[in-house]
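Where does the ligand sit, and which residues surround it? The paragraphs below take up these points in turn.

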Amino acid sequence: MKLFYSPGACSLGIHVVLEEIGAPYELEKVDLSTPVSDRALTQVNPKSKVPTLQRDDGSVLTEFPAIAYWLARSHPAAKLFPDDLEGQTRTLEALDFCVASLHMQGFSRVFGARRAATPAEAEAMKATGRDIATRAFARLDDMLARREWLAGDYSIADASLFYCCCWSGMMEVPMPAHVAAHFARMKARPAVQAALKQEGLA
Ligand SMILES: N[C@@H](CCC(=O)N[C@@H](CS)C(=O)NCC(=O)O)C(=O)O
(Lines give C-alpha, C1' and ligand atoms only; values in the text may rest on other atoms or scores of the structure.)
Protein backbone atom coordinates (compact mmCIF):
# COMPACT_ATOMS: atom_id res chain seq x y z
CA MET A 1 0.00 0.00 0.00
CA LYS A 2 1.05 3.55 -0.61
CA LEU A 3 -0.32 6.60 1.21
CA PHE A 4 -0.13 9.94 -0.55
CA TYR A 5 0.08 12.47 2.26
CA SER A 6 1.01 16.00 3.10
CA PRO A 7 2.62 16.62 6.51
CA GLY A 8 -0.01 17.63 9.06
CA ALA A 9 -2.91 17.48 6.57
CA CYS A 10 -5.98 15.28 7.09
CA SER A 11 -3.95 12.39 5.64
CA LEU A 12 -2.29 12.28 9.09
CA GLY A 13 -5.39 10.48 10.39
CA ILE A 14 -5.00 7.72 7.80
CA HIS A 15 -1.28 7.59 8.56
CA VAL A 16 -2.22 6.89 12.21
CA VAL A 17 -4.63 4.13 11.12
CA LEU A 18 -1.88 2.54 8.98
CA GLU A 19 0.46 2.56 11.97
CA GLU A 20 -2.24 1.08 14.20
CA ILE A 21 -2.89 -1.86 11.86
CA GLY A 22 0.82 -2.57 11.42
CA ALA A 23 0.64 -3.65 7.75
CA PRO A 24 3.54 -2.61 5.48
CA TYR A 25 3.05 0.63 3.57
CA GLU A 26 4.99 3.29 1.73
CA LEU A 27 4.58 7.04 1.99
CA GLU A 28 4.60 9.52 -0.86
CA LYS A 29 4.76 13.15 0.13
CA VAL A 30 2.60 15.61 -1.81
CA ASP A 31 3.32 19.33 -1.92
CA LEU A 32 -0.14 20.89 -1.78
CA SER A 33 1.30 24.29 -2.71
CA THR A 34 2.04 22.90 -6.22
CA PRO A 35 -0.73 23.60 -8.77
CA VAL A 36 -3.06 20.61 -9.21
CA SER A 37 -2.05 20.26 -12.87
CA ASP A 38 1.63 19.84 -11.90
CA ARG A 39 1.10 17.27 -9.13
CA ALA A 40 2.01 13.63 -9.83
CA LEU A 41 -0.86 12.81 -7.45
CA THR A 42 -3.39 14.09 -10.01
CA GLN A 43 -2.46 11.17 -12.31
CA VAL A 44 -3.28 8.73 -9.51
CA ASN A 45 -6.31 10.55 -8.07
CA PRO A 46 -7.94 13.11 -10.38
CA LYS A 47 -9.45 14.80 -7.28
CA SER A 48 -5.80 15.59 -6.39
CA LYS A 49 -6.43 15.37 -2.65
CA VAL A 50 -4.79 13.69 0.27
CA PRO A 51 -5.36 11.20 1.74
CA THR A 52 -5.14 8.93 -1.31
CA LEU A 53 -4.41 5.26 -0.78
CA GLN A 54 -3.04 3.08 -3.55
CA ARG A 55 -3.63 -0.56 -2.72
CA ASP A 56 -1.31 -3.43 -3.53
CA ASP A 57 -3.36 -4.36 -6.62
CA GLY A 58 -2.88 -0.80 -7.93
CA SER A 59 -6.48 0.30 -7.24
CA VAL A 60 -6.95 3.67 -5.60
CA LEU A 61 -9.15 4.69 -2.68
CA THR A 62 -10.08 8.29 -1.92
CA GLU A 63 -12.07 10.08 0.82
CA PHE A 64 -11.02 9.73 4.43
CA PRO A 65 -14.07 7.78 5.67
CA ALA A 66 -13.85 5.21 2.84
CA ILE A 67 -10.10 4.71 3.26
CA ALA A 68 -10.36 4.41 7.06
CA TYR A 69 -13.29 1.99 6.77
CA TRP A 70 -11.51 -0.22 4.26
CA LEU A 71 -8.30 -0.31 6.28
CA ALA A 72 -10.15 -1.16 9.50
CA ARG A 73 -12.36 -3.83 7.92
CA SER A 74 -9.52 -5.45 5.99
CA HIS A 75 -7.37 -5.63 9.14
CA PRO A 76 -9.86 -6.75 11.81
CA ALA A 77 -7.16 -7.83 14.28
CA ALA A 78 -6.39 -4.14 14.92
CA LYS A 79 -9.92 -3.71 16.31
CA LEU A 80 -10.46 -0.25 14.88
CA PHE A 81 -14.08 -0.88 13.92
CA PRO A 82 -16.65 -2.59 16.15
CA ASP A 83 -18.41 -5.85 15.30
CA ASP A 84 -21.88 -4.88 16.45
CA LEU A 85 -24.35 -2.84 14.41
CA GLU A 86 -24.85 -0.13 17.04
CA GLY A 87 -21.09 0.29 17.52
CA GLN A 88 -20.52 0.43 13.76
CA THR A 89 -23.26 3.01 13.31
CA ARG A 90 -21.97 5.22 16.15
CA THR A 91 -18.40 4.97 14.83
CA LEU A 92 -19.46 6.12 11.36
CA GLU A 93 -21.61 8.87 12.88
CA ALA A 94 -18.66 10.28 14.87
CA LEU A 95 -16.22 9.85 11.96
CA ASP A 96 -18.49 11.68 9.57
CA PHE A 97 -19.06 14.50 12.05
CA CYS A 98 -15.29 15.06 12.40
CA VAL A 99 -14.56 14.90 8.66
CA ALA A 100 -17.66 16.51 7.14
CA SER A 101 -18.51 19.09 9.82
CA LEU A 102 -15.46 19.90 11.97
CA HIS A 103 -12.96 19.66 9.08
CA MET A 104 -14.83 20.44 5.88
CA GLN A 105 -17.42 22.95 7.18
CA GLY A 106 -15.25 24.46 9.90
CA PHE A 107 -11.48 24.28 9.43
CA SER A 108 -11.61 24.22 5.61
CA ARG A 109 -13.24 27.66 5.64
CA VAL A 110 -10.37 29.01 7.76
CA PHE A 111 -7.75 27.42 5.46
CA GLY A 112 -9.65 28.55 2.35
CA ALA A 113 -9.74 32.20 3.48
CA ARG A 114 -6.34 32.75 1.86
CA ARG A 115 -8.05 32.39 -1.52
CA ALA A 116 -10.75 34.99 -0.74
CA ALA A 117 -11.17 37.86 -3.19
CA THR A 118 -10.87 40.61 -0.57
CA PRO A 119 -9.50 40.94 3.00
CA ALA A 120 -13.06 41.51 4.28
CA GLU A 121 -14.25 38.30 2.63
CA ALA A 122 -11.27 36.43 4.12
CA GLU A 123 -12.12 37.68 7.62
CA ALA A 124 -15.76 36.69 7.19
CA MET A 125 -14.79 33.18 6.01
CA LYS A 126 -12.41 32.72 8.94
CA ALA A 127 -15.02 33.89 11.44
CA THR A 128 -17.67 31.52 10.03
CA GLY A 129 -15.22 28.61 9.92
CA ARG A 130 -14.06 29.22 13.49
CA ASP A 131 -17.64 29.46 14.71
CA ILE A 132 -18.59 26.14 13.06
CA ALA A 133 -15.44 24.42 14.36
CA THR A 134 -15.99 25.79 17.88
CA ARG A 135 -19.55 24.47 17.93
CA ALA A 136 -18.41 21.09 16.58
CA PHE A 137 -15.69 20.89 19.24
CA ALA A 138 -18.34 21.65 21.88
CA ARG A 139 -20.51 18.78 20.66
CA LEU A 140 -17.51 16.41 20.69
CA ASP A 141 -16.55 17.66 24.14
CA ASP A 142 -19.99 16.66 25.39
CA MET A 143 -19.51 13.17 23.98
CA LEU A 144 -16.02 12.86 25.48
CA ALA A 145 -17.22 13.97 28.92
CA ARG A 146 -18.84 10.54 29.19
CA ARG A 147 -16.19 8.33 27.60
CA GLU A 148 -12.50 8.08 26.66
CA TRP A 149 -13.01 7.40 22.96
CA LEU A 150 -15.61 8.82 20.60
CA ALA A 151 -17.62 5.69 19.93
CA GLY A 152 -16.93 3.44 22.90
CA ASP A 153 -13.75 1.55 22.11
CA TYR A 154 -10.86 3.21 20.29
CA SER A 155 -11.67 3.36 16.57
CA ILE A 156 -11.08 5.08 13.24
CA ALA A 157 -13.34 7.90 14.50
CA ASP A 158 -10.65 8.87 17.03
CA ALA A 159 -8.04 9.14 14.28
CA SER A 160 -10.32 11.58 12.45
CA LEU A 161 -10.70 13.82 15.50
CA PHE A 162 -6.95 13.66 16.08
CA TYR A 163 -5.92 15.28 12.80
CA CYS A 164 -8.43 18.12 13.37
CA CYS A 165 -7.07 18.71 16.88
CA CYS A 166 -3.60 19.17 15.38
CA TRP A 167 -4.98 22.31 13.65
CA SER A 168 -6.50 23.85 16.77
CA GLY A 169 -3.58 26.15 17.69
CA MET A 170 -2.69 27.24 14.17
CA MET A 171 -6.34 27.94 13.29
CA GLU A 172 -7.06 29.68 16.61
CA VAL A 173 -9.91 27.37 17.56
CA PRO A 174 -9.12 26.26 21.14
CA MET A 175 -9.91 22.71 22.18
CA PRO A 176 -12.34 22.37 25.09
CA ALA A 177 -11.11 20.33 28.08
CA HIS A 178 -12.39 16.86 27.17
CA VAL A 179 -11.28 17.22 23.55
CA ALA A 180 -7.84 18.34 24.79
CA ALA A 181 -7.69 15.27 27.05
CA HIS A 182 -8.57 13.06 24.04
CA PHE A 183 -5.77 14.74 22.08
CA ALA A 184 -3.33 13.98 24.91
CA ARG A 185 -4.48 10.32 24.98
CA MET A 186 -3.96 10.11 21.22
CA LYS A 187 -0.46 11.59 21.45
CA ALA A 188 0.47 8.95 24.03
CA ARG A 189 -0.24 6.13 21.53
CA PRO A 190 2.88 4.66 19.88
CA ALA A 191 1.12 4.61 16.47
CA VAL A 192 0.42 8.34 16.69
CA GLN A 193 3.98 9.08 17.80
CA ALA A 194 5.35 7.07 14.87
CA ALA A 195 3.13 8.86 12.33
CA LEU A 196 4.02 12.30 13.73
CA LYS A 197 7.73 11.45 13.64
CA GLN A 198 7.57 10.23 10.03
CA GLU A 199 5.83 13.45 9.00
CA GLY A 200 8.45 15.54 10.77
CA LEU A 201 5.91 16.81 13.32
CA ALA A 202 7.11 15.15 16.53
N1 LIG B 1 -13.36 15.02 1.88
C2 LIG B 1 -11.96 14.69 1.66
C3 LIG B 1 -11.14 15.84 2.13
C4 LIG B 1 -9.73 15.75 1.65
C5 LIG B 1 -9.10 17.12 1.67
O6 LIG B 1 -9.77 18.15 1.66
N7 LIG B 1 -7.76 17.12 1.69
C8 LIG B 1 -7.03 18.36 1.61
C9 LIG B 1 -5.90 18.40 2.64
S10 LIG B 1 -6.50 18.36 4.31
C11 LIG B 1 -6.40 18.43 0.23
O12 LIG B 1 -5.81 17.49 -0.24
N13 LIG B 1 -6.59 19.56 -0.45
C14 LIG B 1 -6.12 19.70 -1.77
C15 LIG B 1 -5.52 21.03 -2.04
O16 LIG B 1 -5.34 21.81 -1.08
O17 LIG B 1 -5.23 21.29 -3.21
C18 LIG B 1 -11.64 13.44 2.43
O19 LIG B 1 -12.45 13.05 3.27
O20 LIG B 1 -10.62 12.81 2.17
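What follows describes the ligand site and then two backbone features beside it.

The model is predicted. In it, the ligand occupies the largest pocket. Residues from two domains enter the shell around the ligand: domain 1, which spans 2-79 + 194-198, and domain 2, which spans 85-189. Because both domains give residues to this shell, the ligand lies between them.

Two helices each supply at least two residues of the shell, α3 (64-74) and α4 (85-112). The largest share comes from α4, with 3 residues. Sorted by class, the shell holds 9 nonpolar, 2 polar and 3 charged residues. There are 14 residues around the ligand, and those that come nearest are Cys10, Arg39, Val50, Glu63 and Phe64.

Three of these nearest residues can be followed down to single atom pairs, one through its side chain and two through the backbone. Arg39 places a polar side-chain atom 2.9 Å from an oxygen atom of the ligand. At Val50 the partner is a polar backbone atom, which is 2.8 Å from a nitrogen atom of the ligand. Phe64 also uses its backbone: an N or O atom there lies 2.9 Å from an oxygen atom of the ligand. On its own the ligand has 510 Å² of accessible area, and the protein covers 82% of this.

The backbone deserves a second look at two places. Most residues other than glycine have a negative phi, and most peptide bonds are trans. Val50, which contacts the ligand through its backbone, is joined to Pro51 by a cis peptide bond, with omega about 0°. Pro51 itself belongs to the loop that runs between α2 (41-44) and β3 (52-54).

The second place is Glu63, one of the residues that come nearest to the ligand. Phi of Glu63 is near 75°, a positive value although the residue is not glycine. Glu63 is found in the loop between β4 (60-62) and α3, and α3 is one of the helices that supply at least two residues of the shell.

Technical notes
Residues are numbered from 1 along each chain as its sequence is written. This is a predicted model: local features need pLDDT of at least 70, side-chain atom pairs count only at pLDDT 80 or more; totals for chains, interfaces and linings use all residues. Side-chain values use heavy atoms; hydrogens and water are left out. A residue is near a molecule or strand if one of its heavy atoms lies within 4 Å of it. A polar contact is a pair of N or O atoms within 3.5 Å; within protein, one must be able to donate a hydrogen and the other to accept it, and residues adjacent in sequence count only if both atoms are side-chain atoms. Accessible areas come from the Shrake-Rupley method with a 1.4 Å probe; for residues, only the protein chains shown count as cover. On a 1 Å grid over the protein atoms alone, a cavity is a set of points where a 1.4 Å probe fits but cannot get out, and a pocket is an open set with protein on both sides within 12 Å along at least five of seven lines; lining residues have an atom within 4 Å of a point. A molecule sits in a cavity or pocket if more than half of its atoms lie within 2 Å of its grid points. Helices (H or I, at least four residues) and strands (E, at least two) are DSSP runs, numbered from the N terminus. Ala, Val, Leu, Ile, Met, Phe, Trp, Tyr, Cys and Pro count as nonpolar, Asp, Glu, Lys and Arg as charged, and the others, Gly among them, as polar. Domain bounds come from an automatic or database domain assignment.
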